[in-house]
Amino acid sequence: MGILKTCVLSFGAMVLGSQFAHAETLTIATVNNDDMIVMQKLSTEWEKSTGNKLNWVVLEENVLRQRVTTDIATKGGQFDIVTIGALETPIWGKQGWLNTLDDLGDDYDYADLFPSVKNGLSADGKMYAVPFYAESSFTMYNTEIFEKAGLKMPEQPTWTQIAEFADKLTDKSKEQYGICLRGKPGWGENMALITLMANVWGGTWFDKDWQPQLTSEPWKKAVNFYVDLMKKDGPPGATANGFNENQALFAAGHCAMWVDATSAAGRLYNKDTSKVVDKVGYAKGPGEVTNVGNGWFWAWALAIPSTSTKADAAKSFVKWATSKDYVKLVAKEGGVVTSPPGTRKSTYTAEYKKAAPFAEMTEKAIETADPSKPTRDPVPYTGISFVIIPEYQGIGTTTGQNIAGALAGQTSVDDALQQSQDNAVEAMTQAGYIK
Amino acid sequence: MAARSRELKTGPLLAPAVGVLLFWMIVPLAFTLWFSFQRYNLQNPMITGFAGITNYKILLMSSRLWVSILNTLVLVGSVLSLTVIFGIIFAVVFDQDFPGRNIARLLVTAPFFIMPTVSALIWKNLLMHPVNGFFSYVSRWLGLPVIDWFVQWPMFSVIMIVAWQWIPFATLILVTAMQSLDREQMEAARMDGAKGFALFWNITLPHLARPISVVVMIECIFLLSVFAEILVTTSGGPGMATTNLSYFIYMRALLQWDVGGASAAGVIAIVLANIVAAFLIRTFAKNLERD
Amino acid sequence: MNNSRNSLIAGIIGWTSAIVMFFPIFWMLVTSFKSEIDAVVPSIFFKPTLQSYFDVNSRADYLHYAWNSVVESIGSTILALMIGLPAAYACAFYPGRKTKDLLLWMLSTKMMPAVGVLVPMYLMFRDAGLLDTRLGLVLLFTGGNLPIVIWMLYSFFKDVPTPILEAGRMDGARFWTQMRYILIPISLPGIASTALLSIILCWNEAFWSLNLSASQAGPLTAFIASFSSPEGLFWAKLSAASTLAVAPILIMGWITQRQLVRGLTFGAVK
C-alpha cells in the first residue's frame, strides 16, 4: 500500500513539475533545547515561503531518543524529520534507516561546515544528517570567585590543578562549591564526562580486541579522583544533577568551576536566566596524563527517516534550518550571541567573536575534537565521550548507574567498576564482539 | 419461588468484556512470549535468530534481576500498607462532621488527580532538591542539616511520592464505602454501651473489608508497574537502589534495545505479579464474596 | 457530649492532613506565578507574573492537547462503562462457580508491565494504521481500564441490598427496566466514582499516550513531556505547564466529588 502511494505521488510530482509542489504537512520530532525552540518559532518563515506546514513533537532528550529509535527501528513512519545526535547518525546511516543528504545543492555550501562536524554525521563518506548545532566541552569558571581568592586559571588546566582550586574555593556553609560536575546516571549524562576523564588519564573503553577496560589503572584513577573530588568539593545531591541542574547551580553563582558543554556558555550569557552573565571565564577541558580526548564532540542534527514519504519537502526544511541564512536570521531576531553554535565557519565572524566571549574557545574546542581519534592509544572505535556502537547506550548507562552508586557512597569505586566491567563483558559477548 | 434459577443468560452480558480483554491480553502476551525466545536487538538488526532459553538464563542468573524484584516487593508492600492505613484513618475522620469538612476532603484527595510525572517533578525539583527545594529551605532555617533525599534515602523518597499519590485513591474509595455504613446498627451498638474503638473494630472495619480488598487489588496492579516516578527522580539509582522490575525492563528494552531480553523479563514480571495476586487472594478472597 | 469532642479531633486531623497533602500542589501553583530566577529560590514573597503561562502556551498549543485528553479520557470511559456494566451486573447478581476466577483473570491481564510490550504494541498499531490516532488511544485505554471498571462496579453492586432487586423482579420488572429504574439510581455514586476513576487513569496515563502518539493525538501528558527537562531554568515554566495540565481534571474531580458523597438514596431501602 505504501509503495503504491509513493509511486502515485512521485508520478504526480513529476507530471506537475516543481512549481506545483503541493502543500505538505510534515511531522518533526525535536529536543526541547533553547535553540530548537527558537527554530520552532522561526519555522513559520519557512512555512510561509513554501506553503508547507510543520507539526512539532518536542520532547526531552532521553524520551525523544527512545521515541524516535522505536519508530525508526520498527519502520513506524511517524516522523518526517527527526533530531538525532552524533551517536545515532553513523549507526543508523549505515543501516539504511536515513536518507542521504549530500544533494542539498551548492548554495548549501558544504565546505563551510567544520570538517569534524561533517565527518561526525557521516558514514562511509555519505552525510546522513545536517548539523543544527554542535558542541564540544570545556572548563567554565566564575571569574569573580577566582579573583577574590587570587587564583588564576591556566588555558589548559590539568585535573590535579582543578582539584587544588576546588579545595580552596569550597565553602559549603555559604553554598559555594568548588566544582560542579555531572553526577546523574546516563551514557549521555555523567558518563560523557567520566569517559573524558578516563581518556586523559590514558585509558580507553575497549582495547583493540574489543575487551572492556573498565578495571584498568587509568579508569580506577580517574573514577576515584572523580568521586573524591565530588565528595569533597561538590554540591549535595550530585547524583541527581545532570546538565540542566548544574547549569542552574552555576548560573545562580553556587559553583566556582564547571566542566561541561560549550553550548552552556551561550545560555549563561543570558541575563534573564543567569546571575553570572559577565563573570564567566573559559579554559580548555582539563587534561592529566595526556590532552587527547579532553573535549567531547556532540552535534544535534536533522535527519530524514527513509520511511518518510515527503522527503523532498523535508529536505527543503532541513536545508533551510541549517543554512547560513538561518544563522543570520537567528542573529537578527535574538542577537548575534544566540546564533546556533559550532557548525559553520561562517558563523564565527569578528562580530560574533566580539559579542560572545566564549566563541573563540568554542571554535578551538570543536576544531580539535576528533571523534576518529578519541584517545591517546589506538582503539577500534570512534567517538570521544561515547563509543559509536549500538550496544553503547546500555553499557554506558549501566556503568553510569554504578558510578553514581559509588558517588552516593553505596559501593566502593572498585566494586562499581568491577560490576560495570562484568556487565560490559556480558553485553559485548552477547552482541558478538568478543567470544 | 425460583430463587436460584437463572432467568438471565449471563453469557451475552459477559461476552463483550471477555472478548475485549482476551484480545488485549492474548495478542501482546503472544508477541512477548515469541520475542522472549528470540534474539532481537532493535538497534542492531544483525542480531537475529532463535535464542531458546538463553534470554531467560542470562536474566535469572544475573543478580540485577533479583535486586529489582526485591525492590519491587518493598515498594509495593510499603505503599500498600501506607495507603490502606491512612486511607482508613482519613475515611473515618472525614466521615465525622466538622467545619469545612468538604473542602478539607477535596484537598486531601487532590494528589490522586495529578499526573505521576508531574508529581515526581514537583517533589524532585520544588520540594526535595537539596539546594533549591522547600525542604532544604526549612532545614536551613531551622539550622538542621540538609537531607539529600534521593541520595541518602532513595527508596524512601520514592515510596513517599507514590504513597502521596495513592492515599487519596484509598481515601476516596473508603469514604464512598463509609456512606453505605449501616447507621442504625451503629446507633444500636452505641446504645448498648459500645465505645469508639470497639465500634470501629467491630462494625466499621468489617464493613470496609470488601472495599479495602478492592483497593488493595487495584493498587497492587498499578504499584507493581510504577515507572514514571522512578524515571523522573532517580533513574533507578543510585546504583540499583530504586530499580524495580518495571524500570529494569525499561532499561533493557529502551537503553540496551534488547527486545528479546526485555520480553523475557516481562514474562518473569507476569509470573511475579501472578504470585503476588495469588497471595493476596488467599488473604482477601473471603472479603470479596461477602454479601 | 461525645460528638463535639469527636468533631474537634476529626477536625484537627482532617485539616492537618488536608494541608499536608495539598501542600506540594499549592507550592506548584505558587511557583507557576514566579519568574524563572525567583522560582529557583524557595521564597514566599515575590513579584507575581503570568510570563510563564504565556511562554508555555506559545511553545505548544495547549488547547489541542487538552482537547485530545478530554476526547480520549471520556471516550474510553464511556466505552468501558458500556462494556463493563453488563459484565459487572452478571458477576454481582448471578455469580457462578467461575465468577471469582473470571474476575481475577481480568485483573491479571493488567499485570504485564507496559514497557515490556512496547515493541509488539507499536508493531500492531503500525500495521493497523492506528499510530498517532485518537481512536487507537481510546481503544487501548478502554482495554486497559476495563478490568478496573468491572471490579469497581462489581464491588458497588454487591453493596446494593438484594431485597430491592428481588422486589423489582417480583414485580415482574425485566432486565433493562431493573437496570434503569432501580439499579442505576441506587448505585449512581458507585458508577460515578468508577467513571471518575477511569477518566483520571486515562488522563494521567503517561506511557502509551506518549509512545503511540506524535503530533495529532497527543494528550496533555505529551504536552508536559516537552517541558519536563529543558536546558536552562525551567521550574516556573514547568509549574505553569503542570498547572495547566492538571487543572481541568482537578476541577472536574472536585465538582463530581460533591455528587459522589452528597448522600444516598439509601433511605429508600428502610
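# Contacts, sheets and helices

User: What makes up the contact between chain B and chain A, and how many residues come from each?

Analyst: Chain B puts 25 residues into the contact, and chain A puts in 29 residues. On the side of chain B that touches chain A, the elements giving two or more residues are helix H7 (149–152) and helix H12 (245–254) of chain B. By class, that side has 15 nonpolar, nine polar and one charged residues. They are called contact residues because two residues are in contact if their C-beta atoms, placed from the backbone, lie within 7 Å.

You are looking at a predicted model, in which local features need pLDDT of at least 70 and side-chain atom pairs count only at pLDDT 80 or more, while totals for chains, interfaces and linings use all residues. Residues are numbered from 1 along each chain as its sequence is written, and chains are lettered from A and ligands numbered from 1 in the order in which they are written.

User: What makes a residue on the side of chain B that touches chain C nonpolar, polar or charged, and how many are there of each?

Analyst: Let's start with the contact: it takes 82 residues from chain B and 78 residues from chain C. Helix H1 (residues 11–36) of chain B gives the most to chain B's side, with 14 residues. That side divides into 61 nonpolar, 16 polar and five charged residues. The sorting is by residue type: Ala, Val, Leu, Ile, Met, Phe, Trp, Tyr, Cys and Pro count as nonpolar, Asp, Glu, Lys and Arg as charged, and the others, Gly among them, as polar.

User: Which kinds of secondary structure does chain B have?

Analyst: Chain B comes to 13 helices and zero strands. A helix here is a DSSP run of H or I with at least four residues and a strand is a run of E with at least two, both numbered from the N terminus. Along the principal axes, the C-alpha atoms of chain B fill a box of roughly 75 × 70 × 30 Å.

User: How do you know which residues of helix H12 of chain A are buried?

Analyst: By counting neighbours: a residue is buried if 20 or more other C-beta atoms lie within 10 Å of its own, exposed if 12 or fewer, and partly exposed in between, with C-beta atoms placed from the backbone. In helix H12 (residues 311–321) of chain A, eight of the 11 residues are buried, so by that definition the helix is called mostly covered. Among them are Phe317(A), Val318(A) and Trp320(A). The buried residues of H12(A) pack against several elements of chain A, including strand E1 (25–31), helix H2 (34–50) and helix H13 (324–334). Over in chain B, 52% of the 291 residues count as buried.

User: Why are strand E7 and strand E9 of chain A called paired?

Analyst: Two strands pair if DSSP finds at least two bridges between them. Five bridges join strand E7 (residues 137–142) to strand E9 (residues 255–261) of chain A, so they meet that definition. These strands run antiparallel. As an example, Tyr141(A) has Met257(A) in E9(A) as its bridge partner.

User: What makes strand E8 and strand E10 of chain A edge strands?

Analyst: The open sheet has four strands in the order E8-E9-E7-E10 (chain A), with mixed pairing. Strand E8 (177–180) and strand E10 (280–284) each have a single partner strand, so one side of each is left without a neighbour in the sheet. From one strand to the next, the twist averages 20°. Helix H7 (residues 159–169) of chain A lies across E8 and E9 of chain A, at about 140° to E8(A). Such angles run from 0 to 180 degrees between N-to-C directions, with axes being lines fitted to C-alpha atoms, for helices over the stretch in contact.

User: Which strands of chain A form the open sheet of five, and in what order?

Analyst: The order is E2-E1-E3-E11-E6 (chain A), with mixed pairing. Strand E2 (53–59) and E6 of chain A stand at the edges, each with a single partner, so each has one side without a neighbour in the sheet. Seven bridges join E1(A) to E2(A), which run parallel. In E2(A), Val57(A) is the bridge partner of Ala29(A). H2(A) packs on this sheet, touching E1, E2, E3 and E6 of chain A, and its direction makes about 175° with that of E2(A).

User: How do you know where the domains of chain A lie?

Analyst: The bounds come from an automatic or database domain assignment. For chain A it gives domain 1 (2–135 + 297–354) and domain 2 (137–295 + 389–431). Their centres, taken over C-alpha atoms, are 31 Å apart. The contact between them takes eight residues from domain 1 of chain A and seven residues from domain 2 of chain A.
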